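Colleague: Could you take me through one part of this model in detail, namely the site where the ligand is held? I should like a connected account rather than a list.

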Amino acid sequence: STFTKEQSQLVIESWQMVKKDSATHSVTFFAKIFEIAPGAKALFSFLKDSDIPFDKNPKLKAHALTVFRLTGDSACMLGEKGAIDALHPKLKELGKKHVGYGVIAAHFDVVKAALLSTIESLLPEDWPAEKKVATCGAWSQAYDELAGVMINEMQAIR
Ligand code: HEM
């Protein structure tokens with residue numbers, strides 16, 4: 001991994017801020033996913049047969065929180081030597097499950113764009129532009145590493 005200590009610090013610092021109100025931010029994050037790819041709604045079993053507006057759906061909130069937290073916590077671990085290797089079994093298992101959910105590799109770009117745009121919107125206004133850019137870059141690289149393991153597994157078993 002080429003993930004540096006500095007990148008890890010930036011993810012940890014921004015993750016602390018996002019974490020505080022992650023239930024709200026999770027909904028923002030998912031709203032962005034469906035804005036970019038409305039068709040992705042059909043993949044979620046708990047949305048298909050529900051009359052509840054998606055931003056009020058307790059199951060969606062719980063699921064969004066899980067995805068958000070796992071990505072954030074995992075991104076923080078990437079700064080530790082060998083940490084990504086420790087995550088491999090879990091990520092491979094998740095990749096396998098996502099094949100079953102009907103998820104394809106292209107969906108990961110959608111989720112990435114939504115995640116980065118959510119993070120970017122939450123960074124303090126008084127941060128220098130270069131710190132914001134470096135922070136989004138660190139999240140981007142962390143996500144690519146995680147998603148890469150999942151996608152590899154998805155393609156291996158398809
Ligand atoms: C379910 C994580 C990307 C769609 C889940 C679950 C986790 C998770 C932890 C619950 C798994 C379980 O059943 O035990 C992640 C992570 C991702 C990612 C960490 C990226 C790094 C995606 C993408 C899509 C997606 C790109 C497609 C838009 C789904 C769906 C479910 C699911 C449809 C099942 C929801 C249901 O129960 O109906 N994901 N996911 N995920 N994920 Fe993801």
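**The ligand site**

Modeller: In the side chain of H98, an N or O atom lies 2.8 Å from a nitrogen atom of the ligand. The model is a predicted one, and the description that follows should be read accordingly. The H98 side chain also meets the metal: its NE2 atom is 2.0 Å from the iron atom of the ligand, and this is the single donor that the protein provides to that iron. H98 belongs to helix α5, which runs over residues 83-101.

Two other side chains make polar contacts with the ligand. For K97, an N or O atom of the side chain is 2.7 Å from an oxygen atom of the ligand. For Y101, the corresponding separation, again to an oxygen atom of the ligand, is 2.3 Å. K97, H98 and Y101 are among the closest residues to the ligand, together with S45 and H63, in a surrounding set of 18 residues.

The wider shell can be described by class and by origin. By class, it consists of twelve nonpolar residues, five polar residues and one charged residue. By origin, at least two shell residues come from each of α3 (45-48), α4 (58-77), α5, α6 (105-122) and α7 (129-157). As for the space that the ligand occupies, it sits in the largest pocket.

Two further residues may be added to this picture. F54 is placed in the loop that links α3 and α4, and each of these two helices supplies at least two residues of the shell. Because its relative accessibility is 18%, and the limit for burial is under 20%, F54 counts as buried. Along the chain F54 and H98 are 44 residues apart, and their C-alpha atoms are separated by 21 Å.

The other residue is S26, located in helix α2 (residues 22-36). S26 has a relative accessible area of 0% and is therefore buried. Its side chain makes a polar contact within the protein, reaching the backbone oxygen of S22 at 2.5 Å.

To return to the ligand itself, the account centres on H98: this residue of α5 gives the iron its single protein donor, while the side chains of K97 and Y101 each have an N or O atom in contact with a ligand oxygen.

Conventions. Residues are numbered from 1 along each chain as its sequence is written. This is a predicted model: local features need pLDDT of at least 70, side-chain atom pairs count only at pLDDT 80 or more; totals for chains, interfaces and linings use all residues. Side-chain values use heavy atoms; hydrogens and water are left out. Donors are N, O and S atoms within 2.8 Å of the metal (3.2 Å for Na, K and Ca); water is not among the atoms, so sites may look incomplete. Helices (H or I, at least four residues) and strands (E, at least two) are DSSP runs, numbered from the N terminus. A residue is near a molecule or strand if one of its heavy atoms lies within 4 Å of it. A polar contact is a pair of N or O atoms within 3.5 Å; within protein, one must be able to donate a hydrogen and the other to accept it, and residues adjacent in sequence count only if both atoms are side-chain atoms. On a 1 Å grid over the protein atoms alone, a cavity is a set of points where a 1.4 Å probe fits but cannot get out, and a pocket is an open set with protein on both sides within 12 Å along at least five of seven lines; lining residues have an atom within 4 Å of a point. A molecule sits in a cavity or pocket if more than half of its atoms lie within 2 Å of its grid points. Ala, Val, Leu, Ile, Met, Phe, Trp, Tyr, Cys and Pro count as nonpolar, Asp, Glu, Lys and Arg as charged, and the others, Gly among them, as polar. Buried means under 20% relative accessible area, exposed over 50%, partly exposed in between (1.4 Å probe, protein chains only).
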